[in-house]
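Work through the exercises below with the sequence and the model at hand. Each task is followed by a solution in steps.

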Amino acid sequence: MNALRLLVQKPWIWSFAATAIVWFITIMFTGGASAAGLSQAALTFAAFSIIVGIGQMFVITLGPGNIDLSVPAMMTLSGTVALKLMGVDNAMILPGLGVAVLLGVAVGIGNYAFIKLLRIPPIIATLSMSFIVQSMAIWTNRGIRIKPPALLADFTTSSFFGIPNVAIVAFVLSVIAWVLLQKSVYGRWISAIGQSIPAARMAGIPVDGVRLATYVLCAVLASLCGYLLASFSGGAALNMGSEYLLMSIAVVVIGGTAVAGGDSNVPGIWGASLFLFLVVSMLNTYGLGAGIRLVMTGIIIIAVIMVAGGRKRGRA
Amino acid sequence: MKLNLSTDSVRLLIPALSLTVLLCAVFYLQPRAMSYTGLNLLFNLAVPITLATIAQMLIMTVNDLDLSMGTFVSFVACVAATFLPTDPLIGAAILLAAIAAYAVLGIVIHVRELPSIVVTLGMSFVWGGLAVLILPAPGGQAPVWARLLMTSKPPLVPMAIVASIVIAVVTHFIVMRSSFGVLIRGVGGNTRSVERAGWSIIAARGGAYALAAFFAVLAGIALVGLTTSADANIALRYTLLSIAGVILGGGEFVGGRVSPVGAVIGALTLTLAGSFLSFLRISPDWQIGAQGAILIIVLALRLLLNRLEKREKGR
């Protein structure tokens, strides 16, 4: 009984409960035939939202107004540049990865430079940055679709004992993120800054350094996700990041991270990412039209937030 | 002898200045733009963007953010292009219901203390879905009166300029002069003290959202009046444009500090930035990037001016 109460108090439990319900309903509808396939697809596609979602979560934890809108442009740029550099050569996989990470670091530093030096609200700074990054992507891409190296394409599309490789990558990154947030000084600093910048500064926390590191981390994760997604889908496309803007914010908030900052949680991102993918595939199995599917997705998102949001108020 | 400027007018200075500079640059590059037709073409699309920016500004006044603005304007455009010309009553009823939905949204966000970003994010799916249901393929036709209004040619000054001035004056009176405007700005500034003073915060939030929806509806109708047909994705970029417009115009994300006149100028600046870049013959690859750069330059200027203002005060 006590354990149950403890479980109900966890903010991430709601997204997992919702995921389980949706999974069950979908399986019931298809007569249990596609249980394994559905779970595998859900893990694969959720993995991409998890990777960008973790970065976005770090940024959102920094406090009110902190958000990174350059995520989709970053994904597109890193996917495009990395695939162009690798040029279907297996030996270039690691250099490609390195370039993707470096691009992420550069864009992250750029983002924070705008925020800090020009004192622009993060939402506008990252938006302006995303315009510039998107232009660079368009300029490098030129509409040519370059295939990923065979080894990398194999890695991203196959699975290990039934678990998709990208999901394993997402899991490793999640564990690192969880350790960073919960066990390291850096994580404590982020939460402290999210709760009150003046107080954090008084306590001697290097506020600017931490915020810079966080924006860089977010850009690097988005870049990594773009690299994987481009390899997974057999080439980079200019609009490949677009749906991940809303997705990255939605998974963070549905997962139970406080939008006001200072309180984050990694398991919730998994629940929310799986949930969002399953909702779409559930509505797909019912054979509904695109319009009704969108409306239902929106209503379900709002419903989950209303249930989960109400619980959170008591704790704050 | 020094001109005594209030802080509010200083806030307006930078947006007005950047608009003027941009306008001069456009005239320099393309002198033919300096005519009735030229101005009309330059600012034609500004009217719906301005209205959407005003709508976003009203939401930002109560410290919220509407990420569904683009999809909502698209939805209204679809309704305006399908129901309004043939069954005006049904069309009007749908639009009224949408405004009511916004009011409910504002109340729910307040009562349940939900983050507006996420709720409107969810709503963007709903509006997008409804738009697809109403108009599955691009098409429809504009209501005759909207078409007439948007293409009318008043003497001396083009329609787009007249409309912008009217919007600026009307919203200035609503937000800066009326008691309702003071109330919603108070909610943005300090909710608790407004509540203690005996005002209903629920009514204020609901009212602000409903008024925002009203302006967004006008934006959708104006857009259809210009384009004569609609599409479920017609106005998606309005979400970010409207936020950028408010900020360019000197508004803030929190604290109820907004300026309707500034927002109108900000929207005009953004519209003009697009034309300016095409006059510069920048390669299409870099058009979006240059737009980002312009945004950054204007904001940097604003920082500079704020610094100067502070130095003046320090003296």
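## Exercise 1: Two salt bridges

Asp208(A) has a relative accessible area of 29%, so Asp208(A) counts as partly exposed. The model is a predicted one.

**Task.** Find the residue that forms a salt bridge with Asp208(A), and state how far apart the closest N and O atoms are.

**Solution.**
1. The partner is Lys116(A), and the closest N and O atoms are 3.3 Å apart.
2. A salt bridge requires these atoms to lie within 4 Å, so the pair qualifies.
3. Lys116(A) belongs to helix α5 of chain A and Asp208(A) to helix α11 (residues 207-232) of chain A; the two are 92 residues apart and link distant parts of the chain.
4. Lys116(A) is partly exposed, at a relative accessible area of 38%.

**Task.** Which residue forms a salt bridge with Asp64(B), and is Asp64(B) buried or exposed?

**Solution.**
1. Arg205(B) pairs with Asp64(B), with 3.2 Å between the closest N and O atoms.
2. This pair also links distant parts of its chain: Arg205(B) lies in helix α11 (residues 201-227) of chain B, Asp64(B) in the loop between α3 (46-61) and α4 (69-86) of chain B, and 141 residues separate them.
3. The limit for buried is under 20% relative accessible area. Asp64(B), at 8%, is therefore buried, and Arg205(B), at 10%, is buried too.
4. Over all chains, the structure holds two salt bridges.

## Exercise 2: Helix lengths

**Task.** Compare the expected span of helix α13 (residues 266-285) of chain A with the distance between its end C-alpha atoms.

**Solution.**
1. The helix has 20 residues, and at 1.5 Å a residue it should span 28 Å.
2. The end C-alpha atoms are 29 Å apart, which agrees with the expected span.
3. Of the 20 residues of α13(A), 15 are buried, so the helix is mostly covered by the under 20% limit.
4. At the start of α13(A), a side-chain oxygen of Asn265(A) comes to within 2.9 Å of the backbone nitrogen of Gly268(A).
5. After the helix comes Gly287(A), with a positive phi near 70°.

**Task.** Do the same for helix α6 (residues 116-134) of chain B.

**Solution.**
1. Its 19 residues should span 27 Å at 1.5 Å a residue.
2. The distance between the end C-alpha atoms is 26 Å, which agrees.
3. α6(B) is mostly covered, with 14 of its 19 residues buried.

## Exercise 3: A threonine in a helix

**Task.** Describe the surroundings of Thr80(A).

**Solution.**
1. Thr80(A) sits in helix α4 (residues 71-86) of chain A.
2. With a relative accessible area of 6%, Thr80(A) is buried.
3. The side chain of Thr80(A) reaches the backbone oxygen of Thr76(A) at 2.4 Å.
4. Leaving out residues up to four places away in sequence, Thr80(A) touches Ala137(A), Thr140(A), Asn141(A) and Ala236(A).

## Exercise 4: The contact of chains A and B

**Task.** How many residues does each chain give to the contact, and about how much area is buried between the chains?

**Solution.**
1. Chain A gives 39 residues and chain B gives 40 residues.
2. About 3500 Å² is buried between them, with 82% of it on carbon and sulfur atoms.
3. No salt bridges are found across this interface, and one residue pair is in polar contact, both residues being at pLDDT 80 or more.
4. On the side of chain A that touches chain B, the elements giving two or more residues are α5 (93-117), α6 (122-141), α12 (243-254) and α14 (290-315) of chain A.
5. The most comes from α14(A), with 15 residues.
6. By class, this side of chain A has 28 nonpolar, eight polar and three charged residues.

## Exercise 5: Positive phi outside glycine

Most residues other than glycine have a negative phi.

**Task.** Locate Asn63(B) and Thr228(B), and give the phi of Asn63(B) and of Thr228(B).

**Solution.**
1. Asn63(B) is in the loop between α3 and α4 of chain B. Its phi is positive, about 70°, although Asn63(B) is not a glycine.
2. Asn63(B) is partly exposed, at 29% relative accessible area.
3. Thr228(B) is in the loop between α11 and α12 (238-248) of chain B. Thr228(B) is not a glycine either, yet has a positive phi of about 65°.
4. At 32% relative accessibility, Thr228(B) is partly exposed.

Conventions: Residues are numbered from 1 along each chain as its sequence is written. Chains are lettered from A and ligands numbered from 1 in the order in which they are written. Side-chain values use heavy atoms; hydrogens and water are left out. Helices (H or I, at least four residues) and strands (E, at least two) are DSSP runs, numbered from the N terminus. The expected span of a helix is 1.5 Å times one less than its number of residues. Buried means under 20% relative accessible area, exposed over 50%, partly exposed in between (1.4 Å probe, protein chains only). A polar contact is a pair of N or O atoms within 3.5 Å; within protein, one must be able to donate a hydrogen and the other to accept it, and residues adjacent in sequence count only if both atoms are side-chain atoms. Contact means heavy atoms within 4.5 Å. Buried area is the accessible area (1.4 Å probe) that two parts lose on being put together, summed over both. A salt bridge is a side-chain nitrogen of Lys or Arg within 4 Å of a carboxyl oxygen of Asp or Glu. Ala, Val, Leu, Ile, Met, Phe, Trp, Tyr, Cys and Pro count as nonpolar, Asp, Glu, Lys and Arg as charged, and the others, Gly among them, as polar.
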